[in-house]
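The following account is meant to be read alongside the sequence and the three-dimensional view. It moves from how exposure is judged, through the overall fold, to individual helices and the surroundings of the ligands.

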Amino acid sequence: MTFSAELWDRGAVKVYDEIVRHPFITGLTDGTLSHDAFRYFIVQDSHYLRAYSRALTLVAARATDEAAVSMFARHAADAIEVERELHTGLLAQLGLTPADVDAAGSGPTTTAYMSYLTAVCATGTYAEAVAAVLPCYWIYRDVGKELLARSSPDPVYREWIATYGSEEFDAVVESVLAVTDGLDVGTAERERCHQHFATTTRYEWMFWDAAYRQLEWPV
Ligand SMILES: Cc1ncc(CO)c(N)n1
Ligand SMILES: Cc1ncsc1CCO
């Protein structure tokens, strides 16, 4: 079994099932998701992508071959572009400006997820960092494809779905899976990789759940 398949088997199979039947996800395609919840999601995702991009530069810095350095550095730059283009466009359609994103600040789940990613990428090994960022790519690709197949009556949701359900994003994810499967991991390190992968997978579910409930800091 490949390393990526092993990670998915142990850390993501059950959670992925919960994700695709979460009311935030089903609501994107059956028309029941409120624009308020989606607005919260895009605002929080803007904060998330800023941290994610910086985490990817840490993965790039830890990479042991040039091709991987170049790939993760490119993805870091692309994540900023997605934040600038996709989000700015969607936010405008939802009646928000970049200033509203800054004013909203990052919510509890966003902050926790960003902090975990940043910590692992800053202090873990190269393999640990790859395992921590992999669910971000992989789950969005699979959810994107699933949503594309289901289609949506809402043009705003369709635009978001088209980005992650695209052939281009699929190719990006396949290249990261190839890097994952080529990693040379020690026994103890392997267990830490499983732990990181399972944790960030959980945070992916929590991120959608926070948006669905429009979770705010309790105090
Ligand atoms: C929370 C989250 N995870 C993954 C992605 C895709 O990179 C994203 N945009 N947001
Ligand atoms: C993973 C990811 N998500 C949004 S942009 C990006 C980097 C590759 O396009």
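A residue is called exposed if 12 or fewer other C-beta atoms lie within 10 Å of its own, and buried if 20 or more do, with partly exposed in between. The model discussed here is a predicted one. Ser-151 shows how the rule is applied: it has 10 other C-beta atoms within 10 Å and is therefore exposed. This residue is placed in the loop between α8 and α9. Its phi is near 65°, a positive value in a residue other than glycine.

The protein chain as a whole contains 11 helices and 0 strands. Its C-alpha trace spans about 50 × 35 × 35 Å along the principal axes. For 219 residues, a compact globule would have a radius of gyration near 17 Å, and the chain agrees with this because its own value is 17 Å. Of the 219 residues, 41% are buried. When contacts between residues at least 6 apart in sequence are considered, 80% of them join residues at least 24 apart.

The interior may be approached through its largest nonpolar core, which has 64 residues. Those with the most contacts inside this core are Val-59, Leu-117, Ala-129, Val-130, Val-133 and Leu-134. Helix α8 gives the most to the core, with 14 residues. Val-133, one of the residues just named, is in contact with Ala-55, Leu-56, Val-59 and Leu-117, once its neighbours within four places in sequence are left aside.

Leu-134, another of the residues with the most contacts inside the core, lies in helix α8. Is Leu-134 buried or exposed? It has 27 other C-beta atoms within 10 Å; since the threshold for a buried residue is 20 or more, Leu-134 is buried. Leaving aside its neighbours within four places in sequence, its contacts are Leu-7, Val-176, Thr-180 and Phe-197. Leu-134 also lies 10 Å from Cys-193, C-alpha to C-alpha, although 59 residues separate the two in sequence.

Thr-118 offers a contrasting setting. Its place is in helix α7, which covers residues 108–123. With 16 other C-beta atoms within 10 Å, it is partly exposed. Beyond its neighbours within four places in sequence, Thr-118 is in contact with Ala-51 and Ala-55. Thr-118 and Leu-56 are 62 residues apart in sequence, yet their C-alpha atoms are 9.1 Å apart in space.

Helix α3, formed by residues 23–30, has Phe-24, Ile-25, Leu-28 and Thr-29 as buried residues. Viewed down the axis of α3, its buried residues fall within an arc of 130°, so they line one face of the helix. The elements that cover these buried residues include α2, α4, α8, α9 and α11. After α3 comes Gly-31, whose phi is positive, near 80°.

A positive phi also appears in the segment after α11, where Gln-214 lies. The phi of Gln-214 is near 50°, and this residue is not a glycine. Gln-214 counts as partly exposed because it has 14 C-beta neighbours inside 10 Å.

The ligands may now be considered in turn. Around ligand 1 are Asp-45, Tyr-48, Leu-49, Cys-136, Tyr-140, Glu-204 and Phe-207. Which helices each supply at least two residues of this shell? They are α4 (35–62), α8 (126–150) and α11 (187–213). The largest share, 3 residues, comes from α4. By character, the shell around ligand 1 divides into 5 nonpolar, no polar and 2 charged residues.

Around ligand 2 are His-75, Asp-78, Ala-79, Val-82, Cys-136, Tyr-137 and Val-172. Here α5 (66–93) and α8 each supply at least two residues of the shell, and the largest share, 4 residues, comes from α5. The shell around ligand 2 consists of 5 nonpolar, 1 polar and 1 charged residue. Cys-136 is listed around ligand 1 and also around ligand 2.

Definitions and conventions
Residues numbered from 1 in each chain as written. Chains lettered and ligands numbered in written order. Predicted model: local features only at pLDDT ≥ 70, side-chain atom pairs only at ≥ 80, totals over all residues. Near = placed C-beta within 6 Å. Nonpolar A, V, L, I, M, F, W, Y, C, P; charged D, E, K, R; others polar. Rg over C-alpha atoms; globule rule 2.2 N^0.38 Å. Contact = placed C-beta atoms within 7 Å. Core = buried A, V, L, I, M, F, W, Y, C linked by C-beta atoms within 7 Å. Arc of directions from axis to C-beta.
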